[in-house]
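Student: Hi! Could you walk me through this structure before I head back to the bench?
Tutor: Happy to. Let's take a look together.

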Amino acid sequence: MHAQHGPVAVLHFDAHLDTWDTYFGAPTTHGTPFRRASEEGLIDLTASMHVGIRGPLYAKGDLEDDERLGFSIVTSEHLEEHGVASAIERMRARIGDAPLYISIDIDVLDPAHAPGTGTPEAGGLTSRELLRMLRALADRNIVGADVVEVAPAYDHAQLTAVAASHVAYELISAMAPRD
Ligand SMILES: [Mn+2]
């Protein structure tokens, strides 16, 4: 993405920051990708954002590091207190017209909506809230996207599969108007 577009705004939906330096002692894991990307200069430090954060912090400096690495945060609590419209307003203001990469960890959803994932966290978004936010981004300059952390072995009644497939569908639809 960077090779084609330069530094991209990363809009990261997740319960967790994923900007840790190491995770279980390893520098390249599913808890560290955005620190590595920021260190490599791949991310637009003025336009990136996490949404749905509520997971554990491991060190006092986690939030300061995260801000230095280029992210602002819409927490799960902010969503409850101020609603989806406020979150959308903050996202759109932060992203502007930067080339946008959307990364969705399915654990951003509450385990009631997506139980099939490796590190579930209570108190998350509903699938309705997530889909509405994605639809509100269709006029942004989306250059790429991913949906990660779906673990079918932990799924029940295909709840997670249904949520993740609709999320992917919305992402593709949001990108469709571009040529
Ligand atoms: Mn996560």
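Tutor: One thing up front: this is a predicted model. Let's start with a helix pair: helix H5 (residues 127-135) and helix H6 (residues 159-175) pack with their axes 9 Å apart, at an angle of about 10 degrees.

Student: What does that angle make H5 relative to H6, roughly parallel or roughly antiparallel?
Tutor: Roughly parallel, because angles under 35 degrees count that way.

Student: Which residues make the contact?
Tutor: From H5 you have Leu130, Leu131, Leu134 and Arg135, and they meet His166, Val167, Glu170, Leu171 and Ala174 of H6.

Student: And how do those divide into nonpolar, polar and charged?
Tutor: The contact of H5 with H6 has 6 nonpolar residues, 1 polar and 2 charged.

Student: OK, new topic: the sheet. What's the strand order?
Tutor: The order is S3-S2-S1-S4-S5, in an open sheet of 5 strands with parallel pairing.

Student: Which strands stand at the edges?
Tutor: Strand S3 (71-75) and strand S5 (142-148) do. Each has a single partner strand, so one side of each has no neighbour in the sheet.

Student: How much are neighbouring strands turned against each other?
Tutor: By 15 degrees on average, ignoring direction.

Student: What packs on the sheet?
Tutor: Helix H4 (residues 76-95) does, touching strand S1 (9-13), strand S2 (48-53), S3 and S4. The direction of H4 makes about 145 degrees with that of S3.

Student: Back to S5 for a sec. How many bridges join S4 to S5?
Tutor: There are 6, and S4 covers residues 100-105. As an example, Ile102 has Ala145 in S5 as its bridge partner.

Student: Now pockets! How much space lies in the largest pocket?
Tutor: About 330 Å³. Its lining has 20 residues, and those nearest the centre are Pro33, Phe34, Tyr101, Ser103 and Asp146.

Student: Which elements give two or more residues to that lining?
Tutor: S1, helix H2 (33-39), S4 and S5. The largest share, 4 residues, comes from S4.

Student: And the chemistry of the lining residues?
Tutor: They divide into 11 nonpolar, 4 polar and 5 charged.

Technical notes
Residues numbered from 1 in each chain as written. Predicted model: local features only at pLDDT ≥ 70, side-chain atom pairs only at ≥ 80, totals over all residues. Heavy atoms only, no water. Pairing = 2+ DSSP bridges. Axes fitted to C-alpha atoms, helices over the stretch in contact; angles between N-to-C directions. Contact = heavy atoms within 4.5 Å. 1 Å grid on protein atoms, 1.4 Å probe; cavity = no way out; pocket = protein on both sides within 12 Å on 5 of 7 lines; lining within 4 Å. Points joined across faces, edges and corners; volume = space filled by probe spheres on them. Nonpolar A, V, L, I, M, F, W, Y, C, P; charged D, E, K, R; others polar. Parallel < 35°, antiparallel > 145°, perpendicular 65-115°, else oblique.
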